[in-house]
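Here are a couple of exercises to work through with the model open on your screen. Try each one yourself before you read the solution.

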Amino acid sequence: MLNPELLKTILPPTVYTSVICNLDEAQLQEIRVRAGMPVCVTYRGREYCLTRGGVSDDPSLALFATAEDVKVIVVAASEHSVYAYNDDINRGFITVSGGVRIGVCGETVYDRGSLVTVKNYSSVNIRIPHEITGCSSNIMSDIVANHCKALIVSPPGAGKTTMLRDIARSLSDDSPHFNVLIADERCELACVSGGVPGMNVGMRTDVISGSTKAHAFECAVRSMRPDVIITDEIFGQADIEIIREAIGCGISVIASAHADGPETLMRRRFIREAAEERLFERYYFLSGDFGDGHIAAVCDAGLTPADV
């Protein structure tokens, strides 16, 4: 969950003061800081401008950020050693304590076709992780009945990672029990700090943080003997190959992907191939609002509508 002290170390003082004094931290999803632009927040499911007194739809009332504000955030999030975080920044993000992920934009520098670094930071997006115990309860029996081979699908920011956390907790703690391994590539799913998960992902859950999916899956198959591997945001043919190998070894996989519905999802070639191979037995499409209606649609292994 959100650590106010963490925000104090990375945010400009005026932004930090407004967030802490005026907003319900449990309802805060994103803080966007762009050089020369109003500071914006996603709050209670809507985007607003951040003001000294709270939030508003009027940009003229907003706190404005400078290029120096953006730089200060990146440097502070990098623990004042940007060089040590260079590889993460080159991939577009920094993950800090508590699983807070900070997306970073700026000017890319290439040398002989390879990305060397990012400079002149222009904007950051601070994404706040959330834990909603029980948000997966409506689909857990269906997931288990379909051999724990599932893809959680929604547009960005609709709760895929939060859903995956709760699925891990439920598979690990509830009956029937499973050994779960989380391949936490961006360190935001289990939010491990000092070796201890910052989120409740279950007593029978192991976590490999900060590695590539390929490394995490290889370690899982060779040494950890999970029943289920859970990983976030598959993207491209390489991830499908990794999942195919794990399933071929008798390990179930639950993952997530970006799309706003079955039709959009099927436009992605690697997903079409997964559906043709029936790698996933269930596809769960999320709406933007947690609650009874959070599961907008369910599809079977061939991506045709299914009842739950």
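**Exercise 1.** Work out how the residues lining the second largest pocket divide into nonpolar, polar and charged.

*Solution.* Keep in mind that this is a predicted model.
- Step 1: list the lining, which is made up of Glu-30, Arg-32, Arg-91, Gly-92, Phe-93, Arg-101, Ile-102, Gly-103, Asn-125, Arg-127, Pro-156 and Gly-157.
- Step 2: sort them, and you get five charged, four polar and three nonpolar residues.
- Step 3: look at where they come from. Strands S1 (28–34), S6 (100–111) and S7 (114–127) are the elements that each give two or more residues to this lining. S6 supplies the largest share, three residues.
- Step 4: add the volume, which is about 200 Å³.

**Exercise 2.** Find out why one side of S12 and one side of S16 have no neighbour in the sheet.

*Solution.*
- Step 1: write down the strand order. This open sheet of seven strands runs S12-S9-S13-S14-S8-S15-S16, with mixed pairing.
- Step 2: check the ends. S12 (205–209) and S16 (295–299) stand at the edges and have a single partner strand each, so one side of each stays free of a neighbour in the sheet.
- Step 3: take a look at the S16 end. S15 (residues 282–286) pairs with S16 over four bridges, in the antiparallel sense. Here Leu-286 sits opposite Ile-295 in S16.
- Step 4: see what packs on the sheet. Helix H5 (residues 137–145) touches S14 (252–258), S15 and S16, and its direction makes about 165° with that of S15. Helix H6 (residues 160–173) also packs on the sheet, and the strands it touches include S12 and S16.

Notes:
Residues numbered from 1 in each chain as written. Predicted model: local features only at pLDDT ≥ 70, side-chain atom pairs only at ≥ 80, totals over all residues. Heavy atoms only, no water. 1 Å grid on protein atoms, 1.4 Å probe; cavity = no way out; pocket = protein on both sides within 12 Å on 5 of 7 lines; lining within 4 Å. Points joined across faces, edges and corners; volume = space filled by probe spheres on them. Nonpolar A, V, L, I, M, F, W, Y, C, P; charged D, E, K, R; others polar. Pairing = 2+ DSSP bridges. Contact = heavy atoms within 4.5 Å. Axes fitted to C-alpha atoms, helices over the stretch in contact; angles between N-to-C directions.
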